[in-house]
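Me: Please take a close look at a single part of the structure shown below and then follow its connections outward. I should like every technical term to be given with its cut-offs.

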Amino acid sequence: GAGALVVTPGMMEGPCDAYGFSLQRRSPASETASSSDAGEEARRRCEKREKKNRKRWETEWPRPVQVASQPSPSRTSSLGDWLRWRSLKAMCREGIPATLRGALWFEASGASGEKERATADYGSLADAGKEATNHQIDLDLPRTFPDHPFYQTAEGRAALRRVLVAVGAYCEAEGGYCQSMNYVAAFVLLAVDRDEERAFWIMAGVVKRKVLQDTWSERLLGCRVEMEALGTLLRKRDPKVAAHLAAIGCDVSYFATDWFLCLYCKSLPSETVARVWDSFLLEGPKVLFRVALAILGSCRGEILSCGNPGDVVTVLRRAQVDLHDRCALMDQAFAVGSLPMAKIEKYRSRASVSAPE
């Protein structure tokens, strides 16, 4: 369906997922037949569950788009607004069908509002950009999903370059282009069926409205605040794991920086990333924290037996490559208990992050 990349024979050897990424392990040394079979079985189970959910989307469409385009309801909102938003939130948590993802992400991310208010259009922004920024983008392009068939082509790299140049120019007040945005934009471009303009406005919505300010600043101050907030959250939710990590000198930033800087695009299988984004764009950054707790929870026993930070990073990297059971991961993420944004804000406010000398 739309939203999924069509991979032609010969572009990539072996089986691919819906977005054209190889399903072969990125770390062949740890490949086992049973783990690949388990991953394939998990993908089939999820597809079956999501197919049931798709009927509800098709019945209610286009109401979800209208609800997603409104700000999330506050205490002063009408009961009807609140109930409609709650219903959409539940539907997004079960996964948006690939064919509807582009349209709904465009509304939920705030992209449509950004586009309406903008004085510049995508075409002019994609030709703009500072020389130094564009040079950095050119350095980052060959490193961005180099095994993906679309980004092996001149056409794919040129499309991604235009999106990144436009993001850098449009989001200059937020710090402009920053390394790691390349992975995020590359994933979004595939998820919206290579529609450059839609991918750009979704990126603009994410930078300006969905992540903590300064997440992608030169010194990554926002990301460092999120790392401290995650550390606090882990101490509250799983004191035993938090104490063990502290005892072996493993700060959460050693393994979670990529999660928050690349919004999981570089860490998890792409079909799983899409499910994370279905909720992240609607509900905001608290979903990133929920997913972090779910990943750590799924590796809890192994983490507790690790004797040093390197082992923890290895355990998590190996586990996240195999997280094809997107339904189980998201179920676990939303089973960690209540996590209102006010709580995240409180943990952020306690962070003692300052710019390094």
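Reply: S180 has a relative accessibility of 8% and therefore counts as buried, the term for a relative accessible area under 20%, with exposed meaning over 50% and partly exposed in between (1.4 Å probe, protein chains only). The model is a predicted one, in which local features need pLDDT of at least 70 and side-chain atom pairs count only at pLDDT 80 or more, while totals for chains, interfaces and linings use all residues. Residues are numbered from 1 along each chain as its sequence is written, and side-chain values rest on heavy atoms, with hydrogens and water left out.

S180 sits in the loop between α8 and α9 (181–191); helices here are DSSP runs of H or I with at least four residues, strands are runs of E with at least two, and both are numbered from the N terminus. Although S180 is not a glycine, its phi is positive, about 100°. Most residues other than glycine have a negative phi, and most peptide bonds are trans.

The helix that this loop leads into, α9, has 11 of its 11 residues buried, so it is largely enclosed by the rest of the structure. Its buried residues include M181, Y183, F187 and L189. The cover over them includes α4, α7, α8, α10, α13 (253–261) and α14, where contact means heavy atoms within 4.5 Å. On the other side of α9 in sequence comes D193, which has a positive phi near 60°. R194, in the loop between α9 and α10, also has a positive phi, about 65°, without being a glycine. With a relative accessible area of 31%, R194 is partly exposed.

Among the elements covering α9 is α8, the helix that holds A159. A159 is buried, at 5% relative accessibility. Apart from neighbours within four places in sequence, A159 touches Y122, F150, L189 and E196; L189 is itself one of the buried residues of α9. By contrast, the C-alpha atoms of A159 and M330, 171 residues apart along the chain, are 31 Å from each other.

Aromatic pairs offer a second route through the model. Rings of Phe, Tyr and Trp (its six-membered ring) pair if their centres lie within 6.5 Å; planes under 30 degrees apart are stacked, those over 60 edge-to-face and the rest tilted. This rule yields 15 aromatic pairs. One of them is the edge-to-face pair of F21 and F145, with 5.0 Å centre to centre and 80° between the planes. Since F21 belongs to the segment before α1 (33–60) and F145 to the loop between α7 (131–140) and α8 (154–170), the pair ties together parts that are 124 residues apart in sequence. F21 and F145 are both buried. Y122, already met as a contact of A159, forms a tilted pair with F200, at 5.4 Å centre to centre and 35° between the planes. Y122 is in helix α6 (residues 122–126) and F200 in helix α10 (residues 196–210), so this pair ties together parts 78 residues apart in sequence. Y122 is buried with a relative accessible area of 8%, and F200 is buried at 0%.

Ring pairs also link F187 of α9 with Y19, W105, W277 and F280 into a cluster. W105 and W277 take part in the packing of α4 on α14, in which R101, W105 and A108 of α4 meet A274, R275, W277, D278, L281 and L282 of α14. By class, this contact has six nonpolar, no polar and three charged residues, with Ala, Val, Leu, Ile, Met, Phe, Trp, Tyr, Cys and Pro taken as nonpolar, Asp, Glu, Lys and Arg as charged, and the others, Gly among them, as polar. The axes of α4 (residues 98–108) and α14 (residues 270–283) come within 8 Å and cross at roughly 35°; axes are lines fitted to C-alpha atoms, for helices over the stretch in contact, and angles between N-to-C directions run from 0 to 180 degrees.
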